[in-house]
Amino acid sequence: MEPSEILPVEAEAFVQSLEAFSLKEVGSNRWLRQHENIEKLNMQAILNASVLHDEFVKEFLVSCGKVSLLVHEMILIEVWKQKVFPILCQLKDFNPTTTFQLYMVIHHEATIINLLETVMFHADSCQAAEDSLLDLVDYCHRKLTLLASKATREGTTAYNQAKLTGPTAISSIQELQIQNAALEFEISLKAVSVLRYITDHTNSISVVNRMLCTHNMPCVLVQLIDCCPWSRYRDGEMEKYINSKWQKIPPEDKLKMTKLDGQVWIALYNLLLKEDCQRKYDFNNFNKNQLLKLRGFLTEVLVDQLPNLVELQRFLGHLAVTDPAPPKKELILEQIPEMWNHIVSENSGKWKAIAKYQVKETFNPSENDLRVLAQRLAQTYNLDMMESLLPEKPKCGSCGKEAAKRCSRCQGEWYCQRECQVKHWPKHKRVCQLMAEATVKLKRDLNTDS
């Protein structure tokens, strides 16, 4: 029997119940219930896609017309994180006993972009998004611009440093801010895949015009290829961000293309070689010079891994010796995105009032509320289900072989045998202690022991 988080009838009920919230309602009990439902839908969608099973979550989102609502809720949290969260962190009278609810809000954006990455692979999801596709393109542009500036990767570095300094070095709010910055990197990487799927499927003149003329996405993608924020050198060794973590790359695999590399190249291929896009794009001197930088990256090794890039290579060779005519000026009734502007204008001047309201009414739960929330979260984040979603089997922390046993104290490290655990203990000891202490603190905060 296939592993399942929720049944199709449950998924349909969850999808039908999805509703739009106001900024003031973010973090409320009703909002948290919807967050839990979206989290379950996300895990089930990933599970279905990974085992090539019936993707009923995607089907329900499309048939019920809820894809655009997901885009709205994601942008709502993006606005909250930029406008309300910084004020909330600065309020002197805000000293929460636990930051669980706040973290759920911060993590909500990542949950939705993850779900969208799974469902937007299919053309009917793009069609079902309708006008919100413009808002999604704007969202992706904001995230890719941050990614190209490497601002998001600095957040992951700060998060790793904070983990090493220990739990007493920073306050819970400061830790939450660091986690938020680290999560932004993960979200931005998901936006790369979402943009690629939009370039695969959209035929909308307004969406194409938005990507090429308003945001000049080809040049943004060139910048991403140039700086490659998902790759870095640490202590003389190359690391790449694969499956949500930094992994050391052996010398023989340094030129191996990652999924993220492929997504950027395919998006460029779509934006530059589709006939409709070529007619729209202005190959002026600046854009042309930026695009010709790609020729230095299109090596034989790269093209062998993604043969379609031969056509892009030919196109760039032709572009180098020609000056394409500027696009014809045409009268177009263009649609414009509305979600971000509507949310901001609706709440303009109210940011501090919303923050104060949420501190008093939303993020100040009683012990009983925390206990109920903990039980609900335990049901949502089922450990067996989470492990079934892992892209690969756990590896031994000592020798790197496939592992079946984990550290009984922290539950965070895996080993293939007792000897490896004993050998790795001097290195694992400090991390194990920190994770165990954090778990004890978590249980104490939630009063789950009572």
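In this predicted model, Ser-244 is partly exposed, with a relative accessible area of 46%. Ser-244 lies in the loop between β2 and β3. Its phi is positive, about 70 degrees, although Ser-244 is not a glycine. Most residues other than glycine have a negative phi. The hairpin of β2 and β3 has two residues between the strands. In this hairpin, Asn-243 also takes a positive phi, near 55 degrees.

The hairpin of β1 and β2 likewise has two residues between the strands. There, Asp-235 takes a positive phi near 55 degrees. A further positive phi, of about 50 degrees, occurs at Glu-130, which is not a glycine. Glu-130 sits in the loop between α7 (123-129) and α8 (132-148). Its relative accessibility is 60%, so Glu-130 counts as exposed.

Both hairpins belong to an open sheet of three strands. The strand order is β1-β2-β3, and the pairing is antiparallel. Strands β1 (231-234) and β3 (245-248) form the edges, each pairing on one side only. From one strand to the next, the twist averages 35 degrees. Strands of a sheet pair through backbone hydrogen bonds. Four bridges join β1 to β2. Another set of four bridges joins β2 (residues 237-242) to β3. Individual bridges can be assigned. Arg-232 has Glu-239 in β2 as its bridge partner. Glu-239 in turn has a bridge partner in β3, Lys-248. Ile-242 is bridged to Lys-245 of β3.

The chain as a whole contains 22 helices and five strands. Of its 450 residues, 49% count as buried. The exposed area of the chain is about 23100 Å², of which carbon and sulfur atoms supply 51%. Contacts between residues at least 6 apart in sequence were also analysed by separation. Among these, 76% join residues at least 24 apart.

Helix α10 covers residues 172-201, 30 residues in total. At 1.5 Å a residue, its expected span is 44 Å. The C-alpha atoms at its ends are 43 Å apart, so the span agrees with expectation. Of the 30 residues of α10, 23 are buried; the helix is therefore largely enclosed by the rest of the structure.

His-107 is placed in helix α6 (residues 100-119). Its relative accessibility is 19%; the cut-off for burial is 20%, so His-107 counts as buried. Apart from neighbours within four places in sequence, His-107 is in contact with Glu-39 and Leu-183.

Two further residues illustrate separations along the chain and in space. Ile-205 is in helix α11 (residues 205-214). At 51% relative accessibility, Ile-205 counts as exposed. Ile-205 and Cys-277 are 72 residues apart in sequence, and their C-alpha atoms are 9.3 Å apart. Glu-346 is found in helix α18 (residues 339-347). Its relative accessibility of 43% makes Glu-346 partly exposed. Glu-346 and Leu-23 are 323 residues apart along the chain, with their C-alpha atoms separated by 9.3 Å.

The cysteines were examined for disulfides, for which the sulfur atoms must lie within 2.5 Å. The count comes to zero. For Cys-227, the closest cysteine sulfur is that of Cys-228, at 7.3 Å, so the pair is too far apart for a bond. Cys-227 counts as buried, at 15% relative accessibility. For Cys-277, the closest cysteine sulfur belongs to Cys-213, at 9.7 Å, which is also too far for a bond. Cys-277 is buried as well, with a relative accessible area of 6%.

Note on methods. Residues numbered from 1 in each chain as written. Predicted model: local features only at pLDDT ≥ 70, side-chain atom pairs only at ≥ 80, totals over all residues. Heavy atoms only, no water. Expected span 1.5 Å × (residues − 1). Buried < 20%, exposed > 50% of the residue type's maximum accessible area, 1.4 Å probe, protein only. Pairing = 2+ DSSP bridges. Axes fitted to C-alpha atoms, helices over the stretch in contact; angles between N-to-C directions. Contact = heavy atoms within 4.5 Å. Areas by Shrake-Rupley, 256 points an atom, 1.4 Å probe, with all protein chains shown as cover.
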